[in-house]
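Subject: Handover of a structure and notes on it

Dear colleague,

Please find the structure below, together with its sequence. I would be grateful if you would read the notes that follow with the structure open.

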Amino acid sequence: MKVLVTGGAGYIGSIVVEQLIQAGETVVVFDNLYQGHRAAVHPAATFVVGSLADRSAVDDLLNEHRPQAIMHFASHTLVGESMENPFRYLGENVTNGLNLLQSAVQHGVRRFILSSTANLFDEPARMPIDEAETIVPGSPYGESKYILERMLYWLDRTHDFRYAALRYFNAAGASAERGEDHHPETHLIPIVLSVALGKRDKVIIFGDDYPTRDGTCVRDYIHVIDLAQAHILALRALNRGSRVYNLGNGQGFTVKEVIQTAREISGHPIPAEIGLRRPGDPDVLIASSDRIRGELGWEPQHADLRDIIESAWKWHQAHPHGYEE
Ligand code: UFG
């Protein structure tokens, strides 16, 4: 199958591209290189630099390459930034997604996978969080993903569009060749590992007065390769109907546990200091992925936090300056 991957030069997108190619699919990457890296794009993929804000560029892309399915990763993705600059999310994320969907319908592409987020669940009644949980977006970022999920819901009903919305919890880890390199970096694991590499003095723990076992926030870290495999399974299941899945390991780790595991793996003391809470951080986020396990037979291969951090550590050691060599 020929798959168009928007954001295929970014962290998760580039690893999904790699896994798609290893699975024998043909891939076209579309990315504006705002956060992505040219070097992250698998050499077997066709790479087109461009912006989803430019509707005619999207039409040209679909005209020329005629994909059978689209995986849409290209997005602004930071909860905190979205609270400061809501229009970047409620505006750009939404209109770029809309451009892509309109063009897809016009060109007869009716299979679509959306990267969605755990940020849809700001007030979960139950933990772990399953797909029946009430949707309460926690930020303009989460809201922008929910708006795209709703567009897909209606396109399914009006245009026989088949989609999967995959709501990631905390994507982490690396493949042998591709890893996480954001500018600026805000995510816990790459920050902790940059301390171990001597690029930062310490990590600030954003609050230790949460109602959790050690006072720091609990998150469900999922290996990016397991996430990629879920995309491939979902793609192959689309002809059996649209679907939404929460994606995590079903196990939570505190910020302090992540730092301690990274100390053991790297052998570096990784100094940590307690700072203020980061606005908008929920205390606990753990996914129930029973639905995708049951329906698609998804089984994470790297569910252990140690495996996840080890893979990231290997990548960061091999790429101490990220993709800028
Ligand atoms: N943290 C620190 N210090 C840091 C960075 C992070 O203590 O320097 C803490 C955060 O407060 C949080 C945990 O580490 O408790 C994980 O933070 P990340 O920034 O790595 O990830 P988030 O859980 O905030 O965000 C992730 C995705 C978002 C997604 C969100 C769902 O990156 O895209 O999960 O809620 F929306």
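The notes below begin with the whole protein and then turn to individual helices and residues.

The model is predicted, so local features need pLDDT of at least 70 and side-chain atom pairs count only at pLDDT 80 or more, while totals for chains, interfaces and linings use all residues. Residues are numbered from 1 along each chain as its sequence is written, and side-chain values use heavy atoms, with hydrogens and water left out.

**The protein as a whole**

The secondary structure consists of ten helices and 14 strands; helices (H or I, at least four residues) and strands (E, at least two) are DSSP runs, numbered from the N terminus. The radius of gyration is 19 Å, close to the 20 Å that the globule rule gives for 325 residues, so the protein is as compact as a globular protein of that length. This radius is taken over C-alpha atoms, and the globule rule is 2.2 Å times the number of residues to the power 0.38. Along the principal axes, the C-alpha atoms fill a box of roughly 55 × 45 × 40 Å.

Of the 325 residues, 55% are buried. Here buried means under 20% relative accessible area, exposed over 50%, and partly exposed in between (1.4 Å probe, protein chains only). The protein exposes about 13,700 Å², of which carbon and sulfur atoms supply 49%; accessible areas come from the Shrake-Rupley method with a 1.4 Å probe, and for residues only the protein chains shown count as cover.

Contact means heavy atoms within 4.5 Å. Among contacts between residues at least 6 apart in sequence, 78% join residues at least 24 apart.

There are 30 positive and 42 negative side chains, and the centres of the two sets lie 5 Å apart. Lys and Arg count as positive and Asp and Glu as negative, with His and the chain ends not counted; the place of a charge is taken as NZ of Lys, CZ of Arg, CG of Asp or CD of Glu.

**Helix H4 and Leu100**

Helix H4 (residues 86-106) has 21 residues and reaches 29 Å from its first C-alpha to its last, close to the 30 Å expected at 1.5 Å a residue. The expected span of a helix is 1.5 Å times one less than its number of residues. Its buried residues, among them Tyr89, Asn93, Leu101 and Val105, pack against strands E1 (2-6), E4 (69-72) and E5 (111-117) and helices H2 (55-65), H3 (79-84) and H5 (140-159). After H4 comes Gly108, with a positive phi near 75°.

Leu100 lies in H4 and is buried, with a relative accessible area of 0%. Not counting residues up to four places away in sequence, Leu100 touches Leu4, Thr6, Leu52, Val58, Ile70, His72 and Phe112. Leu100 and Leu52 are 48 residues apart in sequence, yet their C-alpha atoms are 6.7 Å apart in space.

**Helices H7 and H10, and Ser175**

Helix H7 (residues 224-237) has 14 residues, which should span 20 Å, and its end C-alpha atoms are indeed 20 Å apart. Eleven of these 14 residues are buried, so H7 is largely enclosed by the rest of the structure. The buried set includes Ile225, Asp226 and His231.

For helix H10 (residues 305-318), the 14 residues should likewise span 20 Å, which agrees with the 20 Å between its end C-alpha atoms. Trp313, Trp315 and His316 are among its buried residues, and their cover includes strands E7 (170-172), E10 (221-223) and E12 (253-254) and helices H6 (188-196) and H8 (255-266).

Ser175 is found in the loop between E7 and H6 and is buried, at 6% relative accessible area. Beyond its neighbours within four places in sequence, Ser175 is in contact with Ile15, Glu18, Ile225 and Trp315.

**Gly248 and Arg293**

Gly248 is in the loop between strand E11 (243-247) and E12, and is buried with a relative accessible area of 0%. Leaving aside neighbours within four places in sequence, Gly248 is in contact with Asp220, Ile222, Ala287, Ser289 and Trp298.

Arg293, in helix H9 (residues 290-296), counts as partly exposed at 26% relative accessibility. With the same neighbours within four places left aside, its contacts are Asn249, Trp298, Glu299 and Pro300. The C-alpha atoms of Arg293 and Gly248 are separated by 11 Å, with their positions 45 residues apart along the chain.

Yours sincerely
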